[in-house]
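Visitor: Could you take me through the aromatic ring pairs of this model, and then through the parts of the fold in which they sit? I would like the cut-offs stated as you go.

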Amino acid sequence: MVNKVIKIGTRDSQLALWQAHTVEKKLNDLGYKTEIVAVKSTGDVILDIPLYDFGITGIFTKTLDIAMIKGEVDIAVHSLKDVPTSLPKGIVQTAVLKRANHEDILVHKGNLDFLHSNGTIATGSLRRQAQWLNRFPNHKVEDLRGNVNTRLQKLKDNDWNGAVFAKAGLERIEILPENHIVLDWMIPAPAQGAMVIVAMDNDDFCKEATSKLNHFESEICTTIERQFLKTLEGGCTAPIGAFAEIIDENIRFQGVLFSLDGKEKIEIEKVVEITHYKNFGQESALEILENGGRELMEIIKRDLKK
């Protein structure tokens, strides 16, 4: 097994490949042999078994989940914020790398006067949309999808005033535009800025190898945030933000749930000792649910079905 080549699965976007090569270098530095396998979306069905039998749900992770289960790749590297809170059967999280910048930014066209009047910004995220409309109720939000390069090009090609991005992704592939401002008031997506490695649960070699790359503090904080998300969501996409950070011996947590139009906002901010982190995310989400969040989630689910 010493000579085993670890096949690292990745999507073929510039950012995904950057993440995979980052993991490859770290594994190579530890003496492991690796190979990058870029997997395109094919919609393959595994041995004629429906995907839902495996619990495969993630729009950005589905293709790599299939490749792992079929044995085409050994591990996969993802942006942790894109990974469903329930992993497919047989797949486990083995490492969270040290978190990069967690902030959202507004990429604009050099003129911020629109912030004080009417404007149009673009984002494909319900969380960003709701927080923007909460702060700027007179603004219009347009849908924006695709990889970061595609979204930057769409911003140039349209008459929008700006678009919201995760700062980490643009920094990683060195395409952060000069015209940007940090949205320090926007609560990020759970696990934003963190990369994760997953492997098959029965692959002890890859689990042991990749676990050496785990950054414990980042794992704790993202676990809290994703636990918060999982408890609130109940399988439904919703405008949810969460951020945990370790300060000395304590964990400071901010969590928020918005209505789709941004008019309603239920938030929580708490500090606990680091030794109490294991159920902290769930407990914080339950407080949100008991404070009107349960009713708001029902409205969100109903509205998303329309």
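Guide: Counting rings of Phe, Tyr and Trp (its six-membered ring) as paired if their centres lie within 6.5 Å, one arrives at six aromatic pairs. Planes under 30 degrees apart are called stacked, those over 60 edge-to-face, and the rest tilted. In the pair of Tyr32 and Phe205 the centres are 5.8 Å apart and the planes stand at 80°, so this pair is edge-to-face. It links distant parts of the chain, since Tyr32 lies in the loop between helix H1 (14–29) and strand S2 (33–38), whereas Phe205 belongs to helix H6 (residues 204–211), 173 residues apart. Helices (H or I, at least four residues) and strands (E, at least two) are DSSP runs, numbered from the N terminus. Tyr32 and Phe205 are both buried, where buried means under 20% relative accessible area, exposed over 50%, and partly exposed in between (1.4 Å probe, protein chains only).

Phe228 and Phe253 also form an edge-to-face pair, with 5.1 Å from centre to centre and 65° between the planes. Here helix H7, which holds Phe228, is linked with strand S12, which holds Phe253, across 25 residues of chain. Phe228 is buried at a relative accessible area of 0%, and Phe253 likewise counts as buried at 0%. A further set of ring pairs joins Trp132, Phe136 and Trp185 into a cluster.

All of this rests on a predicted model, in which local features need pLDDT of at least 70 and side-chain atom pairs count only at pLDDT 80 or more, while totals for chains, interfaces and linings use all residues. Residues are numbered from 1 along each chain as its sequence is written, and side-chain values use heavy atoms, with hydrogens and water left out.

The surroundings of Phe228 can be followed further. With contact taken as heavy atoms within 4.5 Å, and residues up to four places away in sequence not counted, Phe228 touches several residues, including Ile240, Phe253, Val256, Ile268 and Ile288. A nonpolar core is a set of buried Ala, Val, Leu, Ile, Met, Phe, Trp, Tyr and Cys residues joined through side-chain atoms within 4.5 Å. The largest such core has 25 residues, and Phe228 and Phe253 are among those with the most contacts inside it, as are Ile224, Leu232, Ile251 and Leu257. Helix H7 (216–233), strand S11 (240–247), strand S12 (250–258), strand S13 (265–273) and helix H8 (280–305) each supply at least two residues of this core, and H8 gives the most, with seven residues. A second, separate core of 17 residues includes Ile6, Leu27, Ala209 and Leu213.

Elsewhere in the fold, five strands form an open sheet of mixed pairing in the order S7-S6-S8-S5-S9, two strands being paired if DSSP finds at least two bridges between them. Strand S7 (140–142) and strand S9 (180–182) stand at the edges with a single partner strand each, so one side of each is left without a neighbour in the sheet. The twist averages 30° from one strand to the next, with axes fitted as lines to C-alpha atoms, for helices over the stretch in contact, and angles running from 0 to 180 degrees between N-to-C directions. Helix H3 (residues 126–135) lies across S5, S6, S7 and strand S8 (162–166), at about 130° to S8.
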